[in-house]
Amino acid sequence: MGEVKVLGASLSFFCCRVEWALKLKGVAYEYLEEDLRNKSPMLLQSNPVHKKVPVLVHDGRPIAESLVILEYIDEAWKGYPLLPEDPSERAKIRFWARFTDEMCVLGAWAACCTKGHEREKAIESAQESLSFLEKQIEGKKFLGERRWACWIWWWVHCLTGSNSWKNMEA
């Protein structure tokens, strides 16, 4: 299995989903909390492009960006599959994962970080994206696969207070 480390920040949704995937796969790992105001040399060396968490370090080889890390985890450790076998279904999951990151999470973040009229626009945009996502997953087992996409529910719940878990049980 090799040595596995996760460079992360405890309040990061992106880091949490990497930890979830490792736990689902039964992979032992060392978690290294990063001070994002004073980034460690290990983080800066492991992710020189973005200088962000999470970073997975497997046998000394760093992998950056949470969605890329999730795919790596799924390929590197067999057992509990995170993605469906069908290429079409995998593509759907990847699409909705990126939609959630780009439109929902970043939109909600913008709503928290802006002021005045810009904040109102950001809140409206984030709400539209989240509402659209909710409509897409309503009544479905998260696009046919519960495993990989369960974090979408968690994000929608955290960002909106909506309890959409019922969609996971359909």
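Here are three short exercises with worked solutions on this predicted model.

**Exercise 1: strand 1**

Work out how strand 1 (residues 4-8) is placed among its neighbours, and whether its residues are buried or exposed.

*Solution.* Start with burial: 5 of the 5 residues of strand 1 are buried, so the strand is largely enclosed by the rest of the structure. Next, take the faces one by one. On one side V4, V6 and G8 are buried, and on the other K5 and L7 are buried too, leaving both faces covered. This two-sided reading rests on a general pattern: in a regular strand, side chains alternate between the two faces of the sheet. Now look for partners. Strand 1 pairs with strand 3 in the antiparallel sense over 4 bridges, and there V6 has L56 as its bridge partner. With strand 2 (residues 30-33), the pairing is parallel, again over 4 bridges, and V6 stands opposite Y31. Finally, trace the connection: the chain runs from strand 1 through helix 1 (residues 13-25) to strand 2, a right-handed β-α-β crossover.

**Exercise 2: N47**

Describe the surroundings of N47, which sits in the loop between helix 2 (41-46) and strand 3 (55-58).

*Solution.* First, check accessibility: N47 is buried, because its relative accessible area of 4% is under the 20% cut-off. Then check polar atoms: a polar side-chain atom of N47 lies 3.3 Å from the backbone nitrogen of H50. Last, leaving out residues up to four places away in sequence, N47 touches K52, V55, A64 and E65.

**Exercise 3: cysteines**

Find how many disulfides the whole structure holds.

*Solution.* The search returns 0 disulfides. For C16, the nearest cysteine sulfur belongs to C15 and is 7.0 Å away, whereas a disulfide needs the sulfur atoms within 2.5 Å.

Terms used
Residues are numbered from 1 along each chain as its sequence is written. This is a predicted model: local features need pLDDT of at least 70, side-chain atom pairs count only at pLDDT 80 or more; totals for chains, interfaces and linings use all residues. Side-chain values use heavy atoms; hydrogens and water are left out. Buried means under 20% relative accessible area, exposed over 50%, partly exposed in between (1.4 Å probe, protein chains only). A polar contact is a pair of N or O atoms within 3.5 Å; within protein, one must be able to donate a hydrogen and the other to accept it, and residues adjacent in sequence count only if both atoms are side-chain atoms. Contact means heavy atoms within 4.5 Å. Helices (H or I, at least four residues) and strands (E, at least two) are DSSP runs, numbered from the N terminus. Two strands pair if DSSP finds at least two bridges between them. A crossover is right-handed if, with the strands pointing away from the viewer, the path from the first strand over the helix to the second runs clockwise.
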